[in-house]
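Hi,

Here is the structure I said I would send over. Have a look at it first, and then read on for what turned up.

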Amino acid sequence: MGSSSDDDGPVPDPYLSATLAEFLDKLAARTPAPGGGSVASITCAMAAGLVEMASAFDSSGMLDQVGARAHELRGEAAALAEADGREI
């Protein structure tokens with residue numbers, strides 16, 4: 001979810017690779033990012049993760065598509081968190 005360079009490989013996402021305590025410190029700092037967009041994206045990714053987890057407990061397989069879609073949405077929302085913090 002981070003950008004990549006030719007020399008060093010993928011750059012880790014600064015929000016998703018941080019501990020929760022580190023992210024909260026960054027959030028509380030007097031900086032423009034992370035801000036509301038990043039927090040909303042991460043919250044959305046967490047919600048999708050919970051849906052994905054809950055669907056995994058369904059032994060009938062009826063929620064397999066729900067779990068797969070939640071997995072996709074989790075990745076998309078997580079990517080938006082980092083994108084929100086990039087300078088334009």
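Let me start with a salt bridge: R74 pairs with E52, and their closest N and O atoms sit 2.8 Å apart. Bear in mind throughout that this is a predicted model. The pair ties together distant parts of the chain, since E52 belongs to helix α2 and R74 to helix α3, with their positions 22 residues apart. As for solvent, R74 counts as partly exposed because its relative accessibility is 32%, which falls between the 20% and 50% cut-offs.

That brings me to the two helices themselves. Helix α2 covers residues 36–56 and helix α3 covers residues 64–85. How do they pack? The angle is about 165 degrees, and the axes are 8 Å apart. So α2 runs roughly antiparallel to α3, because an angle over 145 degrees is counted that way. The crossing of α2 and α3 is left-handed.

If you want to find the contact on screen, here are the residues to pick:

- On the α2 side: G37, S38, S41, I42, C44, A45, A48, G49, V51, E52 and S55.
- On the α3 side: V66, G67, A70, H71, L73, R74, A77, A78, L80, A81, D84 and G85.

What kinds of residues make up this contact? There are 12 nonpolar, 8 polar and 3 charged ones. Both partners of the salt bridge above, E52 and R74, are on the contact list.

Now for the other salt bridges; the structure holds 3 in total. R69 forms one with E72, where the closest N and O atoms are 2.9 Å apart. Both residues lie in helix α3, 3 residues apart, or about one turn of the helix. R69 also meets E76 through their side chains, at 3.8 Å from N to O. That distance still counts as a salt bridge because the cut-off is 4 Å. Taken together, R69, E72 and E76 are linked in a network of salt bridges.

Are the residues of that network buried or exposed? Each one falls in between: R69 is partly exposed, with a relative accessible area of 39%, E72 is partly exposed at 43%, and E76 is partly exposed at 44%.

If you open the model, the R74 to E52 pair linking α3 and α2 is a handy place to begin, and you can then move on to the network of R69, E72 and E76.

Cheers

Methods: Residues are numbered from 1 along each chain as its sequence is written. This is a predicted model: local features need pLDDT of at least 70, side-chain atom pairs count only at pLDDT 80 or more; totals for chains, interfaces and linings use all residues. Side-chain values use heavy atoms; hydrogens and water are left out. Axes are lines fitted to C-alpha atoms, for helices over the stretch in contact, and angles run from 0 to 180 degrees between N-to-C directions. Helices (H or I, at least four residues) and strands (E, at least two) are DSSP runs, numbered from the N terminus. Angles under 35 degrees count as roughly parallel, over 145 as roughly antiparallel, 65 to 115 as roughly perpendicular and the rest as oblique. A crossing is left-handed if the near helix is turned anticlockwise from the far one by less than a right angle, and right-handed if clockwise. Contact means heavy atoms within 4.5 Å. Ala, Val, Leu, Ile, Met, Phe, Trp, Tyr, Cys and Pro count as nonpolar, Asp, Glu, Lys and Arg as charged, and the others, Gly among them, as polar. Buried means under 20% relative accessible area, exposed over 50%, partly exposed in between (1.4 Å probe, protein chains only).
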